[in-house]
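Work through the exercises below with the sequence and the model open. Try each task before reading its solution.

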Amino acid sequence: MITAIVLIKTSVDRIPEIAEQIASLDSVSEVFSVTGTYDLIAMVRVKEHEDLAEVIPGRISKIPGVEGTDTHVAFRTYSQHDLEAAFSIGLDG
């Protein structure tokens, strides 16, 4: 699974509506409304690298009110959940 973090600039008067539209897309797992340079951050998860082109410029960027995107592709994922699972391997209850 390939994960991309997409930083999104939008029309500020339509942030909630745009966030809902982005969140409804198939490959988008979460959308966060944030402070700072960008208005939204979307987590996109796809099976193939080529699928990113379909989702980000093909769908997200075409939503009315989306003014620009900046995409970062993750090399690896680290999470507290993953660490807990790794340390519990072989341990019984």
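Buried means under 20% relative accessible area, exposed means over 50%, and partly exposed lies in between. Keep these cut-offs at hand. The model is predicted.

**Exercise 1. Classify Glu30 and trace its salt bridge.**

Task: Is Glu30 buried, exposed or partly exposed, and with which residue does Glu30 form a salt bridge?

Solution.
- Step 1. Take the relative accessible area of Glu30, which is 32%. Buried needs a value under 20%, and exposed needs one over 50%. Glu30 therefore counts as partly exposed.
- Step 2. Look for the partner. Glu30 forms a salt bridge with Arg45, and the closest N and O atoms are 3.3 Å apart.
- Step 3. Place both ends. Glu30 sits in strand β2 and Arg45 in strand β3, 15 residues apart, so the pair links distant parts of the chain.
- Step 4. Classify Arg45. Its relative accessibility is 32%, so Arg45 is also partly exposed.

**Exercise 2. Complete the salt-bridge list.**

Task: How many salt bridges does the model hold, and which residue meets Arg59 in one?

Solution.
- Step 1. The cut-off is a side-chain nitrogen of Lys or Arg within 4 Å of a carboxyl oxygen of Asp or Glu. The count by this rule is two.
- Step 2. Glu30 and Arg45 make one of them. Arg59 and Glu54 make another, at 2.6 Å from N to O.
- Step 3. Check the exposure. Arg59 is partly exposed at 28%. Glu54 is partly exposed at 46%.

**Exercise 3. Explain the unpaired Asp39.**

Task: Why does Asp39 have no salt bridge by the 4 Å rule?

Solution.
- Step 1. Locate Asp39. It is in the loop between β2 and β3.
- Step 2. Asp39 is buried. Its contacts beyond four places in sequence include Ile8, Val12, Ile15, Phe32 and Val34.
- Step 3. Find the nearest side chain of opposite charge. That is Lys9, 5.4 Å away. The rule asks for a distance within 4 Å, so this pair does not count.
- Step 4. Look at Phe32 from its own side. Phe32 lies in strand β2 and is partly exposed, at 42%. Beyond four places in sequence, Phe32 touches Asp39, Leu40, Ile41 and Met43.

**Exercise 4. Draw the sheet.**

Task: In what order do the strands lie, and which are the edge strands?

Solution.
- Step 1. List the elements. There are three helices and four strands. From the N terminus on, they run β-α-β-β-α-β-α.
- Step 2. Set out the strands. The four form an open sheet in the order β2-β3-β1-β4, with antiparallel pairing.
- Step 3. Mark the edges. These are β2 (28-33) and β4 (66-73), each paired on one side only.
- Step 4. Add the twist, which averages 20° from one strand to the next.
- Step 5. Check the pairs that involve β1. Seven bridges join β1 to β4. β1 and β3 also pair over seven bridges.
- Step 6. Pin down the register. Leu7 stands opposite Asp70 in β4, and Ala4 has Val73 of β4 as its bridge partner. Thr3 stands opposite Arg45 in β3.
- Step 7. Judge the burial of β1. Seven of its nine residues are buried, so β1 is largely enclosed by the rest of the structure.
- Step 8. Lay the helix on. α1 lies across β1, β2, β3 and β4, and runs at about 165° to β2.

**Exercise 5. Find the core.**

Task: Which residues touch the most other members of the largest nonpolar core?

Solution.
- Step 1. Start from a general tendency. In soluble globular proteins, nonpolar side chains tend to be buried together.
- Step 2. The largest nonpolar core has 20 residues, and Ile8, Ile22, Val44 and Ile60 touch the most other members.
- Step 3. Ask which elements contribute. β1 (2-10), α1 (15-23), β3 (40-46) and α2 (51-55) each supply at least two residues of this core.
- Step 4. Follow Ile60 outwards. Beyond four places in sequence, its contacts are Ile8, Ile22, Leu25, Val28, Val44, Val55, Val66 and Thr69.
- Step 5. Set this against the whole protein. Buried residues make up 30% of its 93 residues.

Technical notes. Residues numbered from 1 in each chain as written. Predicted model: local features only at pLDDT ≥ 70, side-chain atom pairs only at ≥ 80, totals over all residues. Heavy atoms only, no water. Core = buried A, V, L, I, M, F, W, Y, C linked by side-chain atoms within 4.5 Å. Buried < 20%, exposed > 50% of the residue type's maximum accessible area, 1.4 Å probe, protein only. Contact = heavy atoms within 4.5 Å. Pairing = 2+ DSSP bridges. Axes fitted to C-alpha atoms, helices over the stretch in contact; angles between N-to-C directions. Lys, Arg positive; Asp, Glu negative; His and termini not counted.
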